Amino acid sequence: MPGAIIAAVIPVALFLIGAAALVAGIVILRTFGPRYRVGRLLSSTPQVTVAEALAAADGPARYVRIAGRIDAEDEFEDEHHRPLVLRRTRLDLRRGRDWRTFEDHRDLVRFEVREGLDGIAVDGEALDEGLVVVPRESVGTASDVADRIPAGTDPGTAVRLRVDQVSSVEQAIVSGVPRRGPDGTIRMTAGLGRPLVLSTMEPSEAMRVLAGGGTRRPLFAAICLGAGLVFVTLGALWAVMDTIL
């Protein structure tokens, strides 16, 4: 009888351990906030050609991923004379463990992603947390920008300047919904409850940027999720074997 009780308890214990590991992995991933969702969309969105995205614009809304070369007619230059289609400049205040934006400026021209002879416009105004590019940051204190900080801010509060740029000489991955606008132009934009995502980096590098440059938390989350699946599978197999035998 004790042996039978132990045999019955083991699969339940394996299930519980596996469930706890899965929950721990998901909780760790959730600490990345919107970046976790952006990373998931970058890796899991089905890829289509630009031609297929254009063809889908007038049908049922689909969230798809395309890849190609950025192109524009009216680029503007940065301080290093690189041709840009988008530059987003933000000032953030340190609030506990987080950064809170208090100034957000965007320079933008119409641009598209081209694949061969086909091109589809990108709704640059819709890009927010889905913009994943090489980070350009500098950190100082509120006293460095005293004329621009919100009233009542402690001059010693940490302030971060972040500049995100997209150049017309880069390749890009874009995830979004192709839709025809009132002017007849087909654009990749946000939709179906998901953000517009644009990355000018390889997916592996984009994941590192979304993880804040760290590797421990993503690695620990992956270990928890992998271990959780293993324990849940073992528990299921053990329960099946007990039933058969």
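Start by selecting Arg162: with a relative accessible area of 16%, this residue is buried, because buried means anything under 20%. Keep in mind as you click around that you're looking at a predicted model.

**Stop 1: the partners of Arg162**

Keep Arg162 on screen and add Asp164. Their side chains meet in a salt bridge, 3.0 Å from N to O. Both Arg162 and Asp164 are buried. Salt bridges with shared partners tie Arg90, Asp92, Glu137, Arg160, Arg162 and Asp164 into one network, so show those six residues as sticks if you like.

Next, pick Glu137. Arg162 makes a salt bridge with this residue too, and here the closest N and O atoms are 3.5 Å apart. That pair links distant parts of the chain: Arg162 is in strand β9, Glu137 is in strand β8, and they're 25 residues apart.

Is Glu137 buried or partly exposed? Glu137 counts as partly exposed, because its relative accessibility is 43%.

Now add Arg160. Arg160 also has a salt bridge with Glu137, with the closest N and O atoms 3.7 Å apart. Arg160 lies in β9 and Glu137 in β8 (residues 136-141), so this pair ties together parts that are 23 residues apart in sequence. Arg160 counts as buried, at 14% relative accessibility. If you want the total for the whole structure, there are 14 salt bridges.

**Stop 2: strand β3 and its neighbours**

Select residues 83-95, which make up β3. Which residue of β9 stands opposite Arg90? It's Arg162, your starting point. β3 and β9 (residues 158-167) run antiparallel, joined by nine bridges.

Now colour residues 98-108, strand β4: 10 bridges join it to β3, again antiparallel. Look for Leu93, which stands opposite Arg100 in β4. The hairpin of β3 and β4 has two residues between the strands, and Gly96 in the turn has a positive phi of about 65°.

Then move on to β2, residues 76-77. Two bridges join this strand to β3, and the two run antiparallel. Phe76 stands opposite Leu84 in β3. This hairpin has five residues between its strands, and His81 takes a positive phi near 65°.

**Stop 3: a patch on the surface**

Finally, select Val230, Leu234 and Leu237. Together they make a nonpolar surface patch of about 270 Å². Val230 sits in helix α5, which covers residues 216-244. At 47% relative accessibility, Val230 counts as partly exposed.

Conventions:
Residues are numbered from 1 along each chain as its sequence is written. This is a predicted model: local features need pLDDT of at least 70, side-chain atom pairs count only at pLDDT 80 or more; totals for chains, interfaces and linings use all residues. Side-chain values use heavy atoms; hydrogens and water are left out. Two strands pair if DSSP finds at least two bridges between them. Helices (H or I, at least four residues) and strands (E, at least two) are DSSP runs, numbered from the N terminus. Patches are made of residues with over 30% relative accessible area and no salt bridge: like charges are joined within 9 Å, nonpolar side chains (Val, Leu, Ile, Met, Phe, Trp, Tyr) within 5 Å. Accessible areas come from the Shrake-Rupley method with a 1.4 Å probe; for residues, only the protein chains shown count as cover. A salt bridge is a side-chain nitrogen of Lys or Arg within 4 Å of a carboxyl oxygen of Asp or Glu. Buried means under 20% relative accessible area, exposed over 50%, partly exposed in between (1.4 Å probe, protein chains only).
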